[in-house]
Amino acid sequence: MRTATYFFIFLNLSLALFEEPAVYPLPFLATSVLEVLCLLVFLGRLTHFAKVTLHNVFWKDTKNICIMVAVLLSLADLAIYGVLRLYGVRSIRWSRIVRPIFLINFAESRQIRRAFRSIRNTLPEITYVFLLFMFSLLMFSLMALKLFGERNLQTAEGLPYFRNYLEIVFDLYVLVTTANSPDVMMPAFDFSSWYALFFIAFVIVNTYIFMSLFLAVVYNNYKKHLKVMPGGACD
């Protein structure tokens with residue numbers, strides 16, 4: 001039973017590779033039949049669990065409620081999407097985001113639920129570090145707007161350089177990962193090599209200090225919650 005449950009969970013999650021927009025597209029009828037089969041298996045597994053569990057215990061377990069709601073939402077979304085497709089109306093399968101619920105909430109996934117609860121309990125404790133990082137990012141973006149916004153600089157593609165605040169925030173956010181380095185700083189550097197000091201300060205503060213601090217807080221709090229959580233607390 002456990003192997004079959006894991007197989008259909010894996011099959012259900014793998015449908016994202018074959019549904020539009022897909023990496024390896026399959027006909028809608030094929031993916032919808034496979035999804036309905038998976039949902040029927042999940043519903044049968046839930047029905048079987050209800051037969052061997054006390055009625056009041058079954059309905060008090062939020063895992064069972066989550067699985068039931070996810071199955072109903074997926075079936076309703078699939079039906080609506082199919083009808084709209086028949087009439088040539090383009091729509092989006094919004095119920096795909098509920099598919100990981102099956103992986104987390106079945107009784108066999110005890111260790112996954114334990115890790116998920118540890119992550120959930122860790123999130124409130126890293127909020128302050130994240131807010132400090134966002135404050136730093138917004139302040140550096142404001143300084144970049146004041147430094148470069150009135151210089152009429154252009155990128156290599158001929159686009160305006162650092163004149164829109166939201167675009168500056170996004171570009172500097174990407175710079176935290178160094179994915180757009182050094183391209184993002186070259187227009188300013190070509191104008192004056194002294195402007196490199198701004199980007200050096202930004203990388204030191206946000207990439208090396210804040211990201212290291214953020215990682216340390218996440219790791220320590222996750223380890224703390226994983227250690228103190230009793231083995232039976234996940235059920």
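What follows is a chat between two colleagues about a predicted model.

Colleague: Before we dig in, what kind of model is this, and how are residues numbered?
Modeller: This is a predicted model, where local features need pLDDT of at least 70, side-chain atom pairs count only at pLDDT 80 or more, and totals for chains, interfaces and linings use all residues. Residues are numbered from 1 along each chain as its sequence is written, and side-chain values use heavy atoms, with hydrogens and water left out.

Colleague: Thanks! How is the chain divided?
Modeller: Into domain 1 (1-108) and domain 2 (118-228), with bounds that come from an automatic or database domain assignment. Their centres, taken over C-alpha atoms, are separated by 39 Å.

Colleague: And which residues does UniProt annotate as "transmembrane region"?
Modeller: The unreviewed entry gives residues 26-44, 65-84, 126-145, 165-182 and 194-219. UniProt positions are in the numbering used here, feature names are shortened, and annotations may be inferred rather than shown by experiment. The same kind of record, also unreviewed, has "domain: Ion transport" over residues 6-224.

Colleague: How much helix is there over residues 165-182?
Modeller: That span is 67% helix and 0% strand, with its end C-alpha atoms 20 Å apart. Residues 65-84 are 100% helix and 0% strand, and there the end C-alpha atoms lie 28 Å apart. Helices (H or I, at least four residues) and strands (E, at least two) are DSSP runs, numbered from the N terminus.

Colleague: Switching to charges: how many salt bridges turn up in the whole structure?
Modeller: The search finds 9, counting a side-chain nitrogen of Lys or Arg within 4 Å of a carboxyl oxygen of Asp or Glu. One of them joins Arg-85 and Glu-20 at 3.6 Å, N to O. Arg-85 lies in helix H4 (residues 62-86) and Glu-20 in the loop between helix H1 (2-14) and H2, so this pair ties together parts that are 65 residues apart in sequence.

Colleague: What does Arg-93 pair with?
Modeller: Arg-93 meets Glu-35 at 3.0 Å, N to O, linking the loop between H4 and helix H5 (100-105) to helix H2 across 58 residues. Arg-93 also meets Asp-77, at 2.7 Å, N to O. Asp-77 sits in helix H4, 16 residues from Arg-93 in sequence.

Colleague: Is that spot buried or exposed for Asp-77 and Arg-93?
Modeller: Both are buried, meaning under 20% relative accessible area, where exposed is over 50% and partly exposed is in between (1.4 Å probe, protein chains only). Glu-35 is buried too, at 1%. Glu-19, Glu-35, Asp-77, Arg-93, Arg-96 and Arg-99 are linked in a network of salt bridges.

Colleague: On to cysteines: how many disulfides are there?
Modeller: The search finds 0, a disulfide being a pair of cysteine sulfur atoms within 2.5 Å.

Colleague: Why does Cys-38 have no bond?
Modeller: Because the closest cysteine sulfur, in Cys-66, is 19 Å from the sulfur of Cys-38, too far for a bond. Cys-38 is buried at 0% relative accessibility, whereas Cys-66 is partly exposed at 32%.

Colleague: Last one: which residues form the nonpolar patch on the surface?
Modeller: Trp-194, Leu-197, Ile-200, Ile-204, Tyr-208 and Ile-209, with about 710 Å² of accessible area together. Areas come from the Shrake-Rupley method with a 1.4 Å probe, and for residues only the protein chains shown count as cover. Patch residues have over 30% relative accessible area and no salt bridge; like charges are joined within 9 Å, and nonpolar side chains (Val, Leu, Ile, Met, Phe, Trp, Tyr) within 5 Å. Tyr-208 is in helix H10 (residues 196-228) and counts as exposed at 56% relative accessibility.
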